[in-house]
Structures are given as C-alpha cells and as structure tokens.
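Student: I should like a close look at a single part of this protein. Please describe its surroundings step by step, in one connected account.

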Amino acid sequence: MLQNKANPTISKSTGLPRKRFYRARAHSNPLSDSHFPVPLSPSHVDYSLHYPQLFPSSDCSDGSKKIEFADIGCGFGGLLISLSTLFPETLMIGMELRDKVTEYVKERILGLRLANPGQFQNVSVVRTNSMKYIPNYFEKGQLSKMFFLFPDPHFKEKNHRRRVISPHLLDEYAYVLKVGGIIYTITDVEELGEWMKSCLQNHPMFEPLSEMELDADPVVKLLSTATEEGQKVARNGGQTFQAVYRRITLASQENS
C-alpha cells in the first residue's frame, strides 16, 4: 500500500503518509467507551505484530526483550521517531486513543522501515486508552521511561479527573516503572504544568531530577522539539513547563 502511487494519502516523494488525511480532534474523552482489542495481560501482548523483524512470529518472544519506553498520547509520533534512532536497541511504543492519528503513526513507521532498512524496527504504536489499560500492557517494573507530552489540559475543574497525570494514575505508573525509571511531562499550559508537578512532588514514589541530571539527559531536549505541538509552541514564542521525575523506592519498602 505504501508503494501504491495511486494512493493519495501517501506522498510520492517520501513514501510517508500525508498528515492532512489523518487529522482528528486535538483530544479525545478518555472516560468514554471505545471499542478496540485489549490484551488480557502483558503476557498476551503480541510482539510480532509490533516488531515483526525482531519477533517473526508470536511464538518467538521468550520474554527476554520487552518494551521499555511508553509515549502516552503519542500524537503523530514525532518523539517516538526521534527516540527510535537515539535508542536503537530499546523497544518502545506509542499509546494513542484517536484512531486516525494511530493509523497515521502506523503508516509513518512502515514507510520509514521501507526507506531505511534495518532501522525503526524497535518502535510501534497501539490504539488504546492508557488511562484504563496500562496494566494490560506492562508488567510491574517493566518500563524505564514514560512520556506525557502536551496532554489535554481539561481546564474545567469538573474534568480534572480526565487528566492523564493524577494522584491515582501515578500509582499505576509507579507500578509499571522500574526503580530509577523516569516520567517526562511537558505542557504549554502553566496551570496544568503546576498540577502535574504538584502531583508528582506529592507522590511518595517519585522525586525530581536535579538540574545537572536534566542537563545531561539527551531526552529532555526532545520534549519541546520532537513533537508537532512542541514545534508549534516554539514557532509562536510560547512558554513550556516541564516536570521530570524519577521512580524511587519507599523507605518503608527499603526497611522491610
């Protein structure tokens, strides 16, 4: 399909999907019921569907190599593509609720794989609701990085329960992140930035990275440059607000 010259959704010059055919609403309601397949447990995730070159069949996954990075609400996949080449040995996945946007990212990855043999085999995307199904995809301590870039601010107070960073959701994120794993957040909405920072700061299983650690982390630089939303904010001269926190072990756990 990618090589079909009659397909108007694919650029003839690059072989990549044209974004204008995959436009959707900026955000979706995460509390609404959507219909898509969900694995019963992390052991039911079929890696051969996501990384066919690395796992030629569903029987080839022996559990030795698992997804380590998750981009929650990955949008058009800009961060994933950048991370794929920065960490070529690491499996990563984008989780996106909007069906058209998910299809765009799938086509983009397929196009990049065709144009760059051997590359982008470690990146994939899945349509799902990460606010409901994170435990269905990842085991305890499986992830080393989670990304929440320019999430829906849900301005109205009655809708704050829809925010993807919240005290009760951080419990789930802490479960799937290994000790030392990192949560990266960024927004151009100051109030949401303060909200996410406060949630993380008040959670007993997260601590902020130091300024020295932030400066040394190559991923931090991508937060404001790799995504379409981040690039739009930069073009408009807007501000961004980051909160980057590390998963830690509770003192009570250390002493038990």
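**The loop after β4 and the sheet around it**

Tutor: In this predicted model, Asp152 is placed in the loop between β4 and α5. The unreviewed UniProt entry carries the annotation "active site" for Asp152. A polar atom of the Asp152 side chain lies 3.0 Å from the backbone nitrogen of His154.

The strand that leads into this loop, β4 (143–149), is mostly covered, with seven of its seven residues buried. On one side of the account stands its pairing with β1: the two strands run parallel and are joined by three bridges. Within that pair, Phe69 stands opposite Lys145 of β4. β4 also pairs in the parallel sense with β5 (residues 177–187), over six bridges. Here Phe148 has Thr185 in β5 as its bridge partner. The helix that follows the loop, α5 (167–176), belongs to a right-handed β-α-β unit together with β4 and β5.

From β1 (residues 67–72) the sheet can be followed to β2 (residues 91–96), since these strands pair in the parallel sense over five bridges. The bridge partner of Ile72 in β2 is Met95. Between β1 and β2 the chain passes through helix α2 (residues 78–86), and this β-α-β crossover is right-handed.

Strand β2 is mostly covered as well: six of its six residues are buried. Leu91, Ile93 and Met95 point one way from β2, whereas Met92, Gly94 and Glu96 point the other way. This pattern may be read against a general rule: in a regular strand, side chains alternate between the two faces of the sheet.

β2 pairs in turn with β3 (residues 123–127), in the parallel sense and over five bridges. Met95, already named as the partner of Ile72, stands opposite Val126 in β3. The chain goes from β2 to β3 by way of helix α3 (residues 99–115), in a right-handed β-α-β crossover.

Helix α4 (residues 130–137) connects several of these elements through its contacts. At its start, a side-chain oxygen of Asn129 reaches to within 3.1 Å of the backbone nitrogen of Met131. Met131 is buried, as are Ser130, Ile134, Asn136 and Tyr137. The buried residues of α4 pack against β1, β2, β3 and β4, and also against α5. The account thereby returns to β4 and α5, the two elements between which the loop with Asp152 is found.

How values were computed: Residues are numbered from 1 along each chain as its sequence is written. This is a predicted model: local features need pLDDT of at least 70, side-chain atom pairs count only at pLDDT 80 or more; totals for chains, interfaces and linings use all residues. Side-chain values use heavy atoms; hydrogens and water are left out. Buried means under 20% relative accessible area, exposed over 50%, partly exposed in between (1.4 Å probe, protein chains only). Helices (H or I, at least four residues) and strands (E, at least two) are DSSP runs, numbered from the N terminus. Two strands pair if DSSP finds at least two bridges between them. A crossover is right-handed if, with the strands pointing away from the viewer, the path from the first strand over the helix to the second runs clockwise. Contact means heavy atoms within 4.5 Å. A polar contact is a pair of N or O atoms within 3.5 Å; within protein, one must be able to donate a hydrogen and the other to accept it, and residues adjacent in sequence count only if both atoms are side-chain atoms. UniProt positions are given in the numbering used here, feature names are shortened, and annotations may be inferred rather than shown by experiment.
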